[in-house]
Amino acid sequence: MEISALLTSAGINISICIVLLSLYSILRKQPANYCVYFGRRLVCGGARRYDPFWYERFVPSPSWLVKAWETSEDELLAAAGLDAVVFLRMVIFSIRIFFITAVVCIAFVLPVNYYGQPKVHKEIHLESSEVFTIENLKEGSKWLWVHCLALYIITSAACLLLYFEYRTIAKMRLGHITGSASKPSQFTVLIRAIPWSPDQSYSDTLSKYFTNYYSSSYVSHQMVYHNGIIQRLLLDAERMCQSLKHVAPEINCKPSLTPCTFCGGLTATNSFHILSNEGDSVKGMEIGELTMTTPEQERPAAFVFFKTRYDALVVSEVLQSSNPMLWVTDLAPEPHDVYWRNLNIPYRQLWIRRIATLVGAVAFMFVFLIPVTFIQGLTQLQQLSHAFPFLRGILKEKFINQVITGYLPSVILILFFYAVPPLMMYFSTLEGSIARSIRKKSACIKILYFTIWNVFFVNILSGSVIRQLNVFSSVRDIPAQLARAVPTQAGFFTTYCFTSGWASLACEIMQPMALIWNLVAKAVSKNKDESYETLRFPYHTEIPRLLLFGLLGFTNSVIAPLILPFLLIYFFLAYLIYKNQILNVYITKYESGGQYWPIFHNTTIFSLLLTQIIALGFFGLKLSTVASGFTIPLILLTLLFSEYCRHRFAPIFHKHPAQVLLDMDRADEMAGKMEELHKKLHNVYSQIPLHSQKSSSIGECSTQELPDPEKLKPEEGDAIAKELWGYQGNESGQEHEDKSCPSASSPEHRTPTMIELHKRS
């Protein structure tokens, strides 16, 4: 690929980013878009909307960048939880390591590559991108020691940073466990595959088992019931009927005309207006009246509650029966994290489901070879024009040639990739994950494998076939073949950084789908309801993208270092944009407790090893035995470092330390909190909780409202409005921010209308 095509793609994407970011800084100030760009602040703060008018509303401003930059990690942890902090630390790690890599490789490796062979160079924009790669070095060049030294510096810096980050995040996870002393999940074990007995129900079987074997620690249990779609509808109808029975008989029935669902015509109906004392009347109802407890609907799964955290930990880790397929135990997820639908799946089906989803994911990866090969054909039009003469006419137009070969392939690949996350999430659901966070983590791993395989390896393989390079004939040839293929794809990887990196970040902050939906709801359907949907941060899509760019950066660092400055710009933008979105848009309903970090760590180690293997192959192709000899110990040292981290830090992310839980139990017993915690356990894991139960959940967002602008003086109203819309992040009105909103255990989102109704009840 020529540098001119690369610059064309960069120019297009830079223009798109500038336009979208400027448009965002204007649209976020408009009151009509507040629910799109400040959904989290509305939910956590219950802020009232204010519609002041001044000219700054229609002028782009960078105040949101300043505010995102100034927010500290402690504030972010209090507002969004540990997963958000871990994600941003991934971005910070990427900035640090690729800053070091860019300085080393741009200062030393790139000049060596460019002047690797004595020849007359063209102007920069007319040069081929391969001139800046290691391919430009001649065989047996003494300058290859520069690449070997750079590889040692990059690997040493990456391992050092990984070690400190792993240690810090492991401490954060322990603090997350100890800081959530009142979480009911620490006292709860999820039991699945309860044996069936014709003489008694699942509940009686479970009660008899735990009373017999764990009588000193067993408290109670909550059965899981069948919750199919039809059954949930019947339950909702039953709950409504039972609620209406207890409401005061002051119901106003007015005949009205409503559009028919099927024919579109008008039909007569009665509108029921329930009075405001509904909440008081429902309070007097028993929980059993609103919960289905018939033995016929019981599933072979239950939440079992224990007296101490340590007792629950022991039960979850111990094999309960001589048959491992019975009495399967796991520590229960948080109540808002439970994926109730999958608790109905028989445990004996799970292994079949996992095999089926694995086969489906692999099959989809092979189907995806078709669009990737087509995309590689667009990047190699010069080679294909020999077989297809009609392409020569297209290639004569210089600008069209630059757009087709430099910009279009990466755009098409991104469009095809939009189908990947929903499908992988569906596969993760079919696997039978018991928690939403586990399902999202599983989808993250699938998308990561899929992305690395299709964007990196398949592009290299298909490009090698089009260029008529030899495909891998044996395992020993893999390093050499990768070394030949990676420099040829350096231009495509750089343009992919523009389109999937820069442009995707601009689209992320714009929230185009939410913006269009909000416009349709208010302008077309004239919907004036204040309700809105809040979003969860898409870790399963953004972490694989971050790791993919890390892989591209490492593998191209000493081979084709021209990509590094563009990657560094992407990571800086990602830090500011993702931080802004986490603070203002996305709400945390559940989290994994930092369990995404081992995925990041292991993938980074894989990227380093792949980089070293590719460099080893290139040193072999260039006949540099000294550089090859020094690369092999580096691979072994990286593997040893990975094994050390796997034994030192990884277990903290998979198990709860007994020492920590025992200290927490003793502290609660001395403070006299145990009985109070035991009383809350049973109702927390109810499948059909009452509204009052939801509102009393632990860790609920604060519902304090901002001052009413109408009651303020004009200058005070303007100051509050400016803070509310984020004009000036340095003003003194920052005490009204949503920093007090807790993170991991916040309940399901509420609209301002719901908050007001809750206050009345």
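Of the 761 residues in the protein chain, 52% are buried, and since this is a predicted model, every stop on the tour describes what the prediction shows.

**The whole chain**

Begin with the full protein chain in a cartoon view, where the secondary structure comes to 31 helices and six strands. If you switch to a surface view, the protein chain exposes about 35,800 Å², of which carbon and sulfur atoms supply 63%. Among the contacts between residues at least 6 apart in sequence, 83% join residues at least 24 apart.

**The sheet**

Next, select strands β2, β5, β1 and β6, which form an open sheet in the order β2-β5-β1-β6, with antiparallel pairing. The edges of this sheet are β2 (218-225) and β6, and each has a single partner strand, so one side of each is left without a neighbour in the sheet. Looking along the sheet, you will find that its neighbouring strands are turned by 25° against each other on average, direction ignored. Now add helix α28 (residues 674-684), which packs on the sheet and touches β1, β2 and β5, its direction making about 165° with that of β5.

**Strand β1**

Stay with the sheet and show the side chains of β1. Strands of a sheet pair through backbone hydrogen bonds, either parallel or antiparallel. Here β1 pairs with strand β5 (residues 298-306) in the antiparallel sense over five bridges, and with β6, also in the antiparallel sense, over four bridges. To see individual positions, select Val 189, which stands opposite Val 304 in β5, then Ile 191, whose bridge partner in β6 is Thr 329, and then Arg 192, whose bridge partner in β6 is Val 328.

In a regular strand the side chains alternate between the two faces of the sheet. In β1, Thr 188, Leu 190 and Arg 192 point one way while Val 189 and Ile 191 point the other way, and all are buried. Because five of the five residues of β1 are buried, this strand is largely enclosed by the rest of the structure.

**Salt bridges**

How many salt bridges are there to look for? The count comes to 10, and a few of them deserve a closer look. Keep Arg 192 selected and add Asp 330, with which Arg 192 forms a salt bridge whose closest N and O atoms are 3.0 Å apart. This pair links distant parts of the chain, with Asp 330 in strand β6 (residues 328-331) and Arg 192 in strand β1 (residues 188-192), 138 residues apart. Arg 192 is buried, with a relative accessible area of 10%, whereas Asp 330 counts as partly exposed at 27% relative accessibility.

Move on to Arg 309 and Asp 665, whose side chains meet in a salt bridge of 2.9 Å, N to O. Arg 309 lies in helix α11 (residues 309-317) and Asp 665 in helix α27 (residues 658-671), so this pair ties together parts that are 356 residues apart in sequence. Both Arg 309 and Asp 665 are buried.

For another setting, select Glu 542 and Arg 545, a salt bridge in which the closest N and O atoms are 2.8 Å apart. Because they are three residues apart in helix α23 (residues 539-557), Glu 542 and Arg 545 are separated by about one helical turn. Glu 542 counts as buried at 7% relative accessibility, while Arg 545 counts as partly exposed at 22%. Then select Glu 73, Arg 89, Arg 96 and Glu 165, which salt bridges with shared partners join into one network.

**Helix α6: Phe 98**

Now go to Phe 98 in helix α6. Is Phe 98 buried or exposed? At 1% relative accessibility, Phe 98 counts as buried. Leaving aside its neighbours within four places in sequence, Phe 98 is in contact with Phe 549, Gly 550, Gly 553, Phe 554, Leu 564, Leu 568 and Phe 571. Add Pro 565 as well, because the buried residue Phe 98, at 1% relative accessibility, has its C-alpha atom separated by 8.6 Å from that of Pro 565, 467 residues apart along the chain.

**A nonpolar patch**

Finish on the surface by selecting Phe 99, Ile 100, Val 103, Trp 143, Trp 145, Leu 149 and Ile 153, which make a nonpolar patch of about 700 Å². The elements that give two or more residues to this patch are α6 (82-114) and α7 (144-179). Within the patch, Ile 153 has its place in helix α7 and counts as partly exposed, at 35% relative accessibility.

Technical notes: Residues are numbered from 1 along each chain as its sequence is written. This is a predicted model: local features need pLDDT of at least 70, side-chain atom pairs count only at pLDDT 80 or more; totals for chains, interfaces and linings use all residues. Side-chain values use heavy atoms; hydrogens and water are left out. Patches are made of residues with over 30% relative accessible area and no salt bridge: like charges are joined within 9 Å, nonpolar side chains (Val, Leu, Ile, Met, Phe, Trp, Tyr) within 5 Å. Accessible areas come from the Shrake-Rupley method with a 1.4 Å probe; for residues, only the protein chains shown count as cover. A salt bridge is a side-chain nitrogen of Lys or Arg within 4 Å of a carboxyl oxygen of Asp or Glu. Buried means under 20% relative accessible area, exposed over 50%, partly exposed in between (1.4 Å probe, protein chains only). Contact means heavy atoms within 4.5 Å. Two strands pair if DSSP finds at least two bridges between them. Axes are lines fitted to C-alpha atoms, for helices over the stretch in contact, and angles run from 0 to 180 degrees between N-to-C directions.
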